[in-house]
Amino acid sequence: MTSSHTQPLLGCIADDFTGATDLANILVRGGMRTVQTIGIPAPGEAFAPDAQALVVALKSRTVSATDAVEAALHALQWLQAQGCQQFFFKYCSTFDSTAQGNIGPVTEALMEALGERFTIACPAFPEAGRTVFRGHLFVQDALLSESGMEHHPLTPMTDANLVRVLQAQTQGAVGLVRYDHIAEGVKGVAARFEQLRQEGVAVAIADAISNPDLMTLGEACKAFRLITGGSGVALGLPANFRRKGLLNNGEASELPGSTGPGVVLAGSASKATNGQVAVWLAAGRPGFKLDPLALAAGEPAVAEAVAFATAHEVPVLVYATSQPDEVKAVQAQLGVARAGELVEQALGDIARALYAQGIRRFVVAGGETSGAVVQALGVKALQIGRQIDPGVPVTLALGPEAPFALTLKSGNFGSVDFFDKALRRLAGDWA
């Protein structure tokens with residue numbers, strides 16, 4: 001089926017940069033040409049006129065709820081101006097935000113702006129081990145509250161009951177679409193939606209333990225103006241547009257590889273990134289560890305890291321990734337916000353200096369780190385390519401300089417050998 005539709009169909013708002021890339025990756029897999037913007041474009045600014053999905057990447061997961069709402073509403077206004085028909089608010093598959101909660105306030109603000117009385121919330125992403133059953137979020141085989149996320153330095157998650165977590169953040173009532181409703185298919189889910197609406201529920205946590213569950217949810221939400229969730233829910237959205245004749249069959253186009261030098265920049269303290277750092281170093285590959293205390297003391301750690309990277313003919317790892325007890329010790333001395341800001345600023349400065357030295361492949365680990373790096377590099381938008389690992393695609397950075405290869409990895413995502421694999425994929429090696 002051929003479509004003559006030229007305006008974007010789906011407008012997405014993500015609360016961090018790696019989450020935005022994760023979502024964009026899902027949409028590309030579904031056959032939607034997708035562009036991710038870095039922050040909110042200026043009024044009248046547009047990218048890739050043939051894009052079928054636009055993803056606005058915010059850096060709002062850990063800011064105040066007031067600031068998060070303001071940013072989301074501005075992003076919505078820009079997406080509406082581009083002609084988007086449906087909207088998606090994307091948050092982390094571990095449902096984390098600040099203690100006050102940004103997911104609930106942003107969801108309710110977007111609902112009000114769009115005139116919606118009901119929507120869903122579903123962070124499930126089974127390919128990455130995130131499933132929701134009877135309203136409880138699991139990470140692999142562990143409840144969220146026992147998965148390591150309870151120790152997250154910025155957004156600790158100590159409760160796996162998502163109905164309870166979201167209800168604490170919202171004014172409206174929160175309900176549940178249980179797995180038995182999902183198992184009844186699209187009609188059963190739609191009937192449950194209507195029942196919850198009649199009961200006065202505004203937002204419903206939706207169970208999902210498999211990709212078919214997400215496809216069911218996606219089709220059941222085809223008439224919604226607003227959907228919220230992790231990137232997994234987006235699996236079912238392209239098919240809705242295709243059934244309407246608005247989306248061509250086939251996959252999004254390939255991106256060219258970059259043969260330039262590469263670097264890995266890791267700021268995440270997650271369990272997955274700690275494992276990836278350990279594998280890299282155990283293989284004897286070069287690594288430079290940033291010390292936040294040294295940065296705070298004014299030591300030339302940034303210059304030392306740049307010198308270390310340029311002294312090697314092979315890609316190096318520059319990392320601030322540490323075990324939870326080390327992170328807490330640093331935070332006790334510097335404060336949580338200050339410690340994070342120092343690392344993000346340093347990694348952004350290092351990225352900018354290495355770009356000037358000719359680095360053209362960047363593998364970045366951690367949502368906050370990714371935000372700092374793309375801003376430091378002046379990237380305005382990303383064209384999304386093939387998937388490296390679930391939730392992590394190759395991207396081509398679009399900005400004031402020549403395009404270059406970049407991948408932004410959520411701290412919790414990726415196989416243990418992700419860093420080496422990503423560098424090869426960015427060079428066009430898919431063997």
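Of the 431 residues of the protein chain, 57% count as buried. The model is a predicted one. The exercises below work through it from the whole chain down to single residues.

**Exercise 1. The whole chain**

Task: State how many helices and strands the protein chain has, and judge its radius of gyration against the globule rule.

Solution.
- Step 1. Count the elements: the chain holds 15 helices and 18 strands.
- Step 2. Take the radius of gyration, which is 21 Å. The globule rule gives 22 Å for 431 residues.
- Step 3. Compare. The two values are close, so the chain is as compact as a globular protein of that length.
- Step 4. Add the extents. The C-alpha trace spans about 65 × 50 × 40 Å along its principal axes.

**Exercise 2. Contacts, surface and charge**

Task: Find what share of the contacts between residues at least 6 apart joins residues at least 24 apart. Then describe the exposed area and the placing of the charges.

Solution.
- Step 1. Contacts between residues at least 6 apart in sequence form the base set. Of these, 74% join residues at least 24 apart.
- Step 2. The chain exposes about 16,500 Å². Carbon and sulfur atoms supply 51% of that area.
- Step 3. There are 32 positive and 40 negative charges. Their mean positions lie 6 Å apart.

**Exercise 3. Two edge-to-face pairs**

Task: Classify the ring pairs W280 with F419 and F362 with F404, and say which elements each pair ties together.

Solution.
- Step 1. Set the scene: the structure holds 11 aromatic pairs.
- Step 2. For W280 and F419, the centres are 6.3 Å apart and the planes make 70 degrees. An angle over 60 degrees counts as edge-to-face, and that is the class of this pair.
- Step 3. Place the partners. W280 is in helix α9 (residues 271-282) and F419 in helix α15 (residues 418-426), so the pair ties together parts that are 139 residues apart in sequence. Both W280 and F419 are buried.
- Step 4. For F362 and F404, the centres are 5.6 Å apart and the planes stand at 65 degrees, so this pair is edge-to-face too.
- Step 5. Place these partners. F362 belongs to strand β15 (residues 361-365) and F404 to strand β18 (residues 404-409), so the link joins parts 42 residues apart in sequence.
- Step 6. Check burial. F362 has a relative accessible area of 0% and is buried. F404, at 5%, also counts as buried.

**Exercise 4. R361, buried or exposed?**

Task: Decide the burial class of R361 and list its contacts beyond four places in sequence.

Solution.
- Step 1. Locate R361: it is found in strand β15.
- Step 2. Its relative accessibility is 12%. The cut-off for buried is under 20%, so R361 counts as buried.
- Step 3. List the partners: S258, G260, P261, G262, V263, P315, A405, L423, R424, L426 and A427.
- Step 4. Add a spacing. R361 and T407 are 46 residues apart along the chain, with 8.3 Å between their C-alpha atoms.

**Exercise 5. Helix α7 and its cover**

Task: Name the buried residues of helix α7 and some elements that cover them.

Solution.
- Step 1. Helix α7 runs over residues 211-220. Its buried residues are D213, L214, T216, L217, G218 and A220.
- Step 2. The cover includes β5, α5 (179-182), α6 (185-198), β10 (201-206) and α8 (237-243).

**Exercise 6. Two positive phi values**

Task: Compare the settings of F95 and Q140, given the phi of each.

Solution.
- Step 1. Recall the background: most residues other than glycine have a negative phi.
- Step 2. Phi of F95 is near 60 degrees, a positive value. Phi of Q140 is positive too, near 55 degrees.
- Step 3. F95 sits in the loop between β4 (86-90) and α3 (103-114). Q140 sits in the loop between β7 (136-139) and β8 (142-143).
- Step 4. F95 is buried at 1% relative accessible area, whereas Q140 is exposed at 53%.
- Step 5. Add the ring partners of F95: ring pairs link F89, Y91 and F95 into a cluster.

**Exercise 7. A128 in its loop**

Task: Describe where A128 lies and what it touches beyond four places in sequence.

Solution.
- Step 1. A128 is in the loop between β5 (119-122) and β6 (130-133).
- Step 2. A128 counts as buried, at 11% relative accessibility.
- Step 3. Its contacts are Q140 and F413.
- Step 4. A128 and G414 are 286 residues apart in sequence, yet their C-alpha atoms are 8.4 Å apart.

Definitions and conventions. Residues are numbered from 1 along each chain as its sequence is written. This is a predicted model: local features need pLDDT of at least 70, side-chain atom pairs count only at pLDDT 80 or more; totals for chains, interfaces and linings use all residues. Side-chain values use heavy atoms; hydrogens and water are left out. Helices (H or I, at least four residues) and strands (E, at least two) are DSSP runs, numbered from the N terminus. The radius of gyration is taken over C-alpha atoms; the globule rule is 2.2 Å times the number of residues to the power 0.38. Buried means under 20% relative accessible area, exposed over 50%, partly exposed in between (1.4 Å probe, protein chains only). Contact means heavy atoms within 4.5 Å. Accessible areas come from the Shrake-Rupley method with a 1.4 Å probe; for residues, only the protein chains shown count as cover. Lys and Arg count as positive and Asp and Glu as negative; His and the chain ends are not counted. The place of a charge is taken as NZ of Lys, CZ of Arg, CG of Asp or CD of Glu. Rings of Phe, Tyr and Trp (its six-membered ring) pair if their centres lie within 6.5 Å; planes under 30 degrees apart count as stacked, over 60 as edge-to-face and the rest as tilted.
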